[in-house]
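Student: Pick one spot in this model and take me through it closely, please. After that, walk me outward from there to the rest of the chain.

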Amino acid sequence: MSKDKLIIFDTTMRDGEQSPGAAMSREDKLRIARALERLKVDVIEAGFPASSPGDFASVKAVAEIIKDARVCALARTGDADIDRAAEAIKPAAAPRIHTFIATSPLHMEKKLRMTPDQVVEAAVRAVKRARQYTDDVEFSAEDAGRSEMEFLCRIFEAVIDAGATTINVPDTVGYNLPQQFGEKFRYLIENIPNSDKAIFSAHCHNDLGLAVANSLAAVMAGARQVECAVNGLGERAGNAALEEIVMAVRTRQDLFPCDVGVDTRHLLACSKLVAAITGFHVQPNKAIVGLNAFAHESGIHQDGVLKSRETYEIMRAQDVGWQDNRLTLGKLSGRNAFKQRMTALGFEFASQEEMAEAFRRFKELADKKREIFDEDLMALVTDMDLSQANERIKLVGMKACAEIGETPQATVSLVVDGEERSATAEGDGSVDATFKAIEAIVNSGAQLQLYSVQSITSGTDAQGEVSVRLARDGMAVNGSGSDTDIVIASAKAYVNCLNLVLAARSHAAAGV
């Protein structure tokens, strides 16, 4: 007997973007959307079109390029929100409107200042209006985790009658426990007369560290959609992590009555892309995509794995995108071998020119590093992808000098809108001097909010990956750069960030 399909609804670009400092540009969202399409998620929630002109433009741009997944836009229950969402997703091959209103006594009284009757009326009106634009309408009861069961039954029955095809039950503040949340779904499905006419969905936050556990409890109780985000990105403590939901269901097929259609081999690549764009790197011991997820330090564990992998590994590392660490590629490797390896890692080049540029960068890296790892290749392509987006500023040369007892100094050469400029500055260290030299040329007026460094692989010749966050006029952007020299990687990240700042200004000036 075939199993039900569990719909994977990704909200990285909507709820995930609400993480402080995780704002994404339109180009960022397009890159993530393409990665999610390769991953074969079922629904991509691209944003909240009514929230800003920029978010509207981003959702519309995603809707125009995605063909193999549903593209969803979030909307409150007001007519203007619904209409704006409909306009943004109009180009989508499979559009969805996701409308919501709060249903807990606390939210209805304190936030909405509406009676329960008024909330039901608003929800029904919104669903009916959304159905004028698409037959795929999702309704969410915000703070359902703290809502009264009788009222949830009432409002869900009403919106299903009005045309809602998906009913989302969010644990908005991460308050529920797994058994409690599972029982909530079981009760709703059994007691709503028309529950068979809609798919029930779970959207869990991680305030108590239970988002994944609560989501899986909901699935066992009948939910057939889970809303989640890559790397668990999201407001406060985040959302349920997409990669953990997917691999839990896939690994425990002996227990779950459903399966996912996700191509799990792209999980790692997608995780790394989201981390590079947002500057939110995953911790080494993060499940599935953390650097140590398949590492074994204990002698007992190592001995067991060598004898039989299954002794201490319940999944194959290759199934989620990890490959054997050591590559046979090197500076003498040919173009075809490089291309095949990148394909195995989940990267496809859009053109011969893009492939040629990636191969050129690979050769440069091979001259610097004795050993090349898969993580190096992923960082190389991500770095190339980030640096080429709206590249009005280009790093063409730099020299940094630091001596004990002397003030560090850096000289930087940039090409800005086709004109080469140079500047020299002193700082508290080589990186500080480099950033000050860049600012002497560009004079962006942006404030540095985040600077973080992590090693991509091991060894003294390892590439360093630097994340930078700059803020200007109430807007924050994240940049990333990698190199075997950490000061150069820092300069690349800063320049990448400045390009994003300029792009955001251009979009704002154009009213998009």
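Tutor: Let's start with H107, which sits in helix 4, the stretch from 105 to 112. Keep in mind that this is a predicted model. With a relative accessible area of 14%, H107 counts as buried, because the cut-off for that is under 20%. What does H107 touch, once you leave out residues up to four places away in sequence? Its contacts are A102, L112, E142, D143 and R146.

From there, have a look at a salt bridge. E138 pairs with R96, and their closest N and O atoms are 2.8 Å apart. E138 belongs to strand 6 (residues 137-142) while R96 belongs to strand 5 (residues 95-102), so this pair ties together parts that are 42 residues apart in sequence. Both partners are tucked away: E138 is buried, with a relative accessible area of 0%, and R96 is buried too, with 4%. The pair also has company, since R70, R96, D136 and E138 are linked in a network of salt bridges.

It helps to set that beside two salt bridges that stay inside one helix. D28 bridges to R31, with the closest N and O atoms 2.5 Å apart. Both residues lie in helix 1 (residues 26-39), three residues apart, which is about one turn of the helix. D28 and R31 are both buried. Then there's D432 with K436, whose side chains meet at 3.2 Å, N to O. These two are four residues apart in helix 15 (residues 430-442), and that again puts about one helical turn between them. Here the surroundings are more open to the surface: D432 is partly exposed, with a relative accessible area of 26%, and K436 is partly exposed as well, at 40%. Counted over the protein, there are 32 salt bridges.

Next, the way helices pack. Two packed helices are described by the angle between their axes and the distance between the axes. For helix 7 (residues 178-191) and helix 8 (residues 211-220), the axes come within 8 Å and cross at roughly 35°. The crossing of helix 7 and helix 8 is right-handed. Helix 7 brings P178, F181, G182, F185 and R186 to the contact, and helix 8 answers with A213, N214, A217, A218 and M220.

Now for a couple of backbone oddities. Most residues other than glycine have a negative phi. R236 goes the other way: it isn't a glycine, yet its phi is positive, about 55°. You'll find R236 in the loop between strand 9 (225-228) and helix 9 (242-251). Its relative accessible area is 48%, so R236 counts as partly exposed. D417 is another non-glycine with a positive phi, about 50°, and D417 sits in the loop between strand 12 (409-416) and strand 13 (419-426).

While we're in loops, try Q318, between helix 11 (299-307) and helix 12 (335-344). Q318 is partly exposed, at 28% relative accessible area. How far apart are Q318 and T264 in sequence and in space? They're 54 residues apart along the chain and 9.2 Å apart in space, C-alpha to C-alpha.

Out on the surface, L448, Y451, V453 and I486 make a nonpolar patch of about 310 Å². Strand 14 (residues 447-455) gives the largest share of that patch, three residues. I486 belongs to helix 16 (residues 486-510), and at 32% relative accessibility I486 is partly exposed.

Finally, step back to the whole chain. The protein has 16 helices and 16 strands. Of its 512 residues, 55% count as buried, H107 being one of the buried residues. About 22,100 Å² of the protein is exposed, with carbon and sulfur atoms supplying 49% of that area. And among contacts between residues at least 6 apart in sequence, 66% join residues at least 24 apart.

Notes. Residues numbered from 1 in each chain as written. Predicted model: local features only at pLDDT ≥ 70, side-chain atom pairs only at ≥ 80, totals over all residues. Heavy atoms only, no water. Patch = residues over 30% accessible without salt bridge, like charges linked within 9 Å, V, L, I, M, F, W, Y side chains within 5 Å. Areas by Shrake-Rupley, 256 points an atom, 1.4 Å probe, with all protein chains shown as cover. Salt bridge = Lys/Arg side-chain N within 4 Å of Asp/Glu carboxyl O. Buried < 20%, exposed > 50% of the residue type's maximum accessible area, 1.4 Å probe, protein only. Axes fitted to C-alpha atoms, helices over the stretch in contact; angles between N-to-C directions. Left-handed = near helix turned anticlockwise from the far one by under 90°. Contact = heavy atoms within 4.5 Å.
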